[in-house]
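Visitor: I am new to this structure and would like a close look at a single part, the place where the chains meet. Please take me through it slowly.

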There are 2 protein chains.
Amino acid sequence: MTTPDNPMEIAFALAEEAAAAGEVPVGAVVVRQGRVIGRGRNTMRETRDPTAHAEFNAIRAALEADGTGRLGDCDLYVTLEPCTMCAGAIAHARLRRVYYAAEDPKGGAVDNGVRFFAQPTCHHAPEVIGGVQATRAAELLRRFFAARR
Amino acid sequence: MTTPDNPMEIAFALAEEAAAAGEVPVGAVVVRQGRVIGRGRNTMRETRDPTAHAEFNAIRAALEADGTGRLGDCDLYVTLEPCTMCAGAIAHARLRRVYYAAEDPKGGAVDNGVRFFAQPTCHHAPEVIGGVQATRAAELLRRFFAARR
């Protein structure tokens, strides 16, 4: 499959799909040389699995599609700053670059929280580009939670 | 299934099984009220999935067996200190207690590294009992890596 110009658009579409399914709206894609090789959205409620985060699902989908166990030439696009678990997974999968939209001061672990990629015990730190369409992603989350209050 | 007296024994058996399969020897079990509800060992090589850690596999197996998405009344036994990714997964699954054997100064994230459970951004911190049969677990790992040099 070929990606449109901006893989973050696909991540947003996945986040919208999550919201429609009653999941916290977060979406993610793994891209290699302009091609999406893995996509994921939050599925924690549906699968009753609190580890089923969008980026984790996308990384596992990419690993499965790829088959080599190595994603060192791949980039991750995700609509929310990854959490501690997902930052760990990103390092294990050795992703080259991480683009994220909204910061997550409460649960994030890239530019907030444990700032994992900046720690000496982090064995692989991707390049990070944060704040890509941050307002759009934050608004999506805000609307989702407002509707549930 | 009923557990023997010490769930850590099952975790060690799983670690030995990992070694026999050419995997870094780490094993883990999730226990509820004396019953093992999930077991896991490293399968990173076999599945070509760098996120397939013993405790992650055990947690997902327990979540699948349980079906409620909640492991708040469960304990994890693992032969090596959990990494950043797995510490995050432990917090997400809200495990009550973590027993681990060998410390991992390089990759650990409980009493080393980011010490995730002690951070203000950690939304759920289990009780931690480290160093259970630490020498045995360290020796198992040492032998495994020595044989591969």
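Guide: What follows is a walk along the contact between chain A and chain B, with a short stop at one annotated residue.

This is a predicted model, in which local features need pLDDT of at least 70 and side-chain atom pairs count only at pLDDT 80 or more, while totals for chains, interfaces and linings use all residues. Residues are numbered from 1 along each chain as its sequence is written, chains are lettered from A and ligands numbered from 1 in the order in which they are written, and side-chain values use heavy atoms, with hydrogens and water left out.

Taking contact to mean heavy atoms within 4.5 Å, chain A brings 27 residues to the meeting place and chain B brings 27 residues as well. Together the two chains bury about 2,200 Å², of which 63% lies on carbon and sulfur atoms; buried area here is the accessible area (1.4 Å probe) that two parts lose on being put together, summed over both. On the side of chain A, 25% of the area buried against chain B comes from A:Arg48, A:Arg60 and A:His92, more than from any other three residues.

A:Arg60 also takes part in a salt bridge with B:Asp49, their closest N and O atoms lying 3.0 Å apart, where a salt bridge is a side-chain nitrogen of Lys or Arg within 4 Å of a carboxyl oxygen of Asp or Glu. Across the interface of chain A and chain B the rule finds two salt bridges.

Helix H3 (54-66) and helix H4 (84-93) of chain A each give at least two residues to the side that touches chain B, and H4(A) provides the largest share of that side, six residues; helices (H or I, at least four residues) are DSSP runs, numbered from the N terminus. Sorted by class, this side of chain A holds 11 nonpolar, 12 polar and four charged residues, with Ala, Val, Leu, Ile, Met, Phe, Trp, Tyr, Cys and Pro counted as nonpolar, Asp, Glu, Lys and Arg as charged, and the others, Gly among them, as polar.

Helix H3 of chain A also contains A:Glu55, where UniProt, in an unreviewed entry, places the feature "active site"; such annotations may be inferred rather than shown by experiment. A:Glu55 counts as buried because its relative accessibility is 4%, buried meaning under 20% relative accessible area (1.4 Å probe, protein chains only). Not counting residues up to four places away in sequence, A:Glu55 touches several residues, among them A:Val26, A:Leu76, A:Cys83 and A:Cys86.

Key. Buried means under 20% relative accessible area, exposed over 50%, partly exposed in between (1.4 Å probe, protein chains only).
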